[in-house]
Amino acid sequence: MKQWILLVAALLVGLSAEAQRKYYVGGDISFGVGSSGSSIVVYPEVGTRIANNVYLGLAAGFDWNNYSNQSDFSMGLIPHLRGYLPLYQRFGLSGDLYFSARWTRRQGYDPLINSQTLGFRPGLFFPIGNAIISTQIGFFGWNRTGYGNGYASSRWQARLEARDILIGVMFQL
């Protein structure tokens, strides 16, 4: 009998903690047009708050890049850990620590290109009611790209390209 009471108490504690957890839906977009090419990035996402100002999420979407007479279409999954550091009531710093798995079809190149990325994206955020508007600016991390012909490249990099400047919104449920 004592074991059943402890089991029910543990379940109730777990359910009450779950009821206080906040979920979110949202996503990031990026558009870039320049002399060297253009790009579009769309990544809808869902997630949950795991601590105050810390969220765990999963984004899935696509990006298209057209540069130097070359066109790429990619689809990917991005699990990430996002944190916010409020500096003022309506402003703060944000950061995404994430892993990305992408599959790319390149125009005129038959095999599928796969890439994995582990990186960090710094940014800014602006809370508005139950929503958070955010920007992510740049990328720091490691990238591995594998081509269908057996060739693969790995490198650490820091970059600031059009596809690395994202604008997003997160609606807390």
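P86 and G92 are bridge partners, with G92 lying in β5. They belong to the pairing of strand β4 (residues 70-88) with β5, which is antiparallel and covers 14 bridges. The model is predicted. Its secondary structure comes to one helix and 10 strands. The helix comes at the N-terminal end of the order, and the strands follow it: α-β-β-β-β-β-β-β-β-β-β.

**Strand pairing**

- β4 passes to β5 through a hairpin of two residues.
- β5 also pairs with strand β6 (residues 113-128), again in the antiparallel sense, over 13 bridges.
- One of the positions in that pairing is S94, whose bridge partner in β6 is G123.
- The hairpin between β5 and β6 has six residues between the strands. G108 sits in this turn and has a positive phi of about 80 degrees.
- Strand β1 (residues 23-34) runs antiparallel to β2, and 12 bridges join the two.
- Within this pairing, D28 stands opposite Y43 of β2.
- The connection from β1 to β2 is a hairpin through two residues.
- β1 also pairs with strand β10 (residues 165-172), antiparallel, over six bridges.
- There, G27 has V169 of β10 as its bridge partner.

**Aromatic pairs**

- The whole structure holds eight aromatic pairs.
- Y98 and F139 make a tilted pair, with 6.3 Å centre to centre and 55 degrees between the planes.
- This pair links distant parts of the chain: Y98 lies in strand β5 (residues 91-106) and F139 in strand β8 (residues 139-146), 41 residues apart.
- Are Y98 and F139 buried or exposed? Both are buried.
- F139 has a charged neighbour as well. The charged end of R159 sits over the F139 ring, 4.5 Å from the ring centre.
- Y24, Y55, Y84 and F125 form one aromatic cluster.

**Nonpolar cores**

- The largest nonpolar core has seven residues: V41, Y43, A59, I78, Y98, F139 and L166. The tilted pair of Y98 and F139 is therefore part of this core.
- A second, separate core has six residues, among them Y24, Y84, I132 and M170.
- Y24 and Y84 also appear in the aromatic cluster with Y55 and F125.
- Which residues does I78 contact, leaving aside neighbours within four places in sequence? They are Y43, G57, L58, A59, Y98, F99 and S100.

**Two buried small residues**

- G57 is found in strand β3.
- Why does G57 count as buried? Its relative accessibility is 9%, and the cut-off for buried is under 20%.
- Not counting residues up to four places away in sequence, G57 touches Y24, V46, G47, I78, P79 and H80.
- G57 and E45 are 12 residues apart in sequence, with 6.7 Å between their C-alpha atoms.
- A131 is found in strand β7 (residues 131-137).
- A131 is buried because its relative accessible area is 10%, where buried means under 20%.
- Leaving aside neighbours within four places in sequence, A131 is in contact with F126, V169, M170 and F171.
- A131 and V169 are 38 residues apart in sequence, yet 6.7 Å apart in space, C-alpha to C-alpha.

**A backbone exception**

- Which sign does the phi of N53 have? It is positive, about 65 degrees, although N53 is not a glycine.
- Most residues other than glycine have a negative phi.
- N53 has its place in the loop between β2 (37-51) and β3 (54-67).
- With a relative accessible area of 25%, N53 is partly exposed. That value falls between the 20% limit for buried and the 50% limit for exposed.

**Whole-chain figures**

- The protein has 173 residues, and 35% of them count as buried.
- Take the contacts between residues at least 6 apart in sequence: 52% of these join residues at least 24 apart.
- The accessible surface comes to about 10,600 Å². Carbon and sulfur atoms account for 66% of that surface.

Technical notes
Residues numbered from 1 in each chain as written. Predicted model: local features only at pLDDT ≥ 70, side-chain atom pairs only at ≥ 80, totals over all residues. Heavy atoms only, no water. Phe/Tyr/Trp six-rings, centres within 6.5 Å; stacked < 30°, edge-to-face > 60°. Helix = DSSP H or I, 4+ residues; strand = E, 2+ residues; numbered from the N terminus. Buried < 20%, exposed > 50% of the residue type's maximum accessible area, 1.4 Å probe, protein only. Lys NZ or Arg CZ within 6 Å of the ring centre and 35° of its normal. Core = buried A, V, L, I, M, F, W, Y, C linked by side-chain atoms within 4.5 Å. Contact = heavy atoms within 4.5 Å. Areas by Shrake-Rupley, 256 points an atom, 1.4 Å probe, with all protein chains shown as cover. Pairing = 2+ DSSP bridges.
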